[in-house]
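Q: Please take a close look at one part of this model: the aromatic residues and the packing around them. Set that part in the context of the cores and the sheet.

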Amino acid sequence: MSLFIATAKVNASASCDTREFPMLLHGQCHCGNIAYRLAWEPDPERIPARACDCSFCRKHGAVWTGTPEGALEVDVRDASQLSRYTFGTHTASFLTCARCGVPTVVLCDVEGKLHAVVNVHTLEDVDPARLEQVPASFGNEDAASRVARRQRNWIGRVIYREGVTAPTG
């Protein structure tokens, strides 16, 4: 848990101006405690959505998306209502709102830099027809392969903040 907080402070000083991108998506958990802005480049006709077959994602109905060229700003209003859950290889932290129960973002620290994906079911005002859902299975990956895949494919510019009282958008 402290690994992600420490990394977030380093990443918060990095350049991640989501206003410079052609497509800006907003999302949040049901109650709004965990909110994000995802800047996507280039503006896709379809948004890839990976339906992981692990037990956590299946049981929560979570489907994930991200783009390595994008930028993500995650704001948590009340960190005491945030649950960070790891399992399996313990190489990623699922951010789930303890108040409303929605898994919203997954973070992975790769050599001191955060990478992330967002749950497509938390996107606001996105036509579901734009989502291109494909099955994904990562159960045969070892920890090193899993982290390398995340470094290649997940959002690589991430700012994570706690204690934000108003939306950033």
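A: The answer starts with confidence, then goes to the rings, the cores and the sheet.

This is a predicted model: local features need pLDDT of at least 70, side-chain atom pairs count only at pLDDT 80 or more, and totals for chains, interfaces and linings use all residues. Residues are numbered from 1 along each chain as its sequence is written, and side-chain values use heavy atoms, with hydrogens and water left out.

The protein chain has a mean pLDDT of 83, where pLDDT is the predictor's confidence in each residue, from 0 to 100. In this chain 84% of residues reach 70 or more. Residues 1–14 have pLDDT below 50. Beyond near neighbours in sequence, that stretch has 24 contacts in the model (a contact means heavy atoms within 4.5 Å).

Now the rings. Rings of Phe, Tyr and Trp (its six-membered ring) pair if their centres lie within 6.5 Å; planes under 30 degrees apart count as stacked, over 60 as edge-to-face and the rest as tilted. The count comes to six aromatic pairs. One of them is F56 with F94, a tilted pair. Their centres are 4.5 Å apart, with 55 degrees between the planes. F56 sits in helix α2 and F94 in strand β7, so this pair ties together parts that are 38 residues apart in sequence. Helices (H or I, at least four residues) and strands (E, at least two) are DSSP runs, numbered from the N terminus.

Are these two rings buried or exposed? F56 is buried, at 9% relative accessibility. F94 is buried too, at 8%. Buried means under 20% relative accessible area, exposed over 50%, partly exposed in between (1.4 Å probe, protein chains only).

Y85 and F87 form a stacked pair, 5.6 Å centre to centre and 25 degrees between the planes. Y85 is partly exposed, at 39% relative accessible area. F87 is partly exposed as well, at 26%. Ring pairs link F56, W64, Y85, F87 and F94 into a cluster.

W64 leads on to T104, because T104 touches W64 and is buried at 0% relative accessibility. T104 lies in strand β8. Its other contacts include Q28, I34, Y36, L95 and V117, not counting residues up to four places away in sequence.

Next, the cores. A nonpolar core is a set of buried Ala, Val, Leu, Ile, Met, Phe, Trp, Tyr and Cys residues joined through side-chain atoms within 4.5 Å. The largest one has 28 residues, and L72 and V105 have the most contacts inside it. Among the elements that give it two or more residues are β1 (23–28), β2 (34–40), β5 (71–76) and β8 (103–110). The largest share, four residues, comes from β2. Apart from this core lies another, of 16 residues, among them C52, C57, A92 and C108.

Last, the sheet. Five strands form an open sheet in the order β10-β1-β2-β5-β12, with mixed pairing. Two strands pair if DSSP finds at least two bridges between them. β10 (123–124) and β12 stand at the edges with a single partner strand each, so one side of each has no neighbour in the sheet. β1 and β2 run antiparallel and are joined by six bridges. H26 stands opposite R37 in β2.
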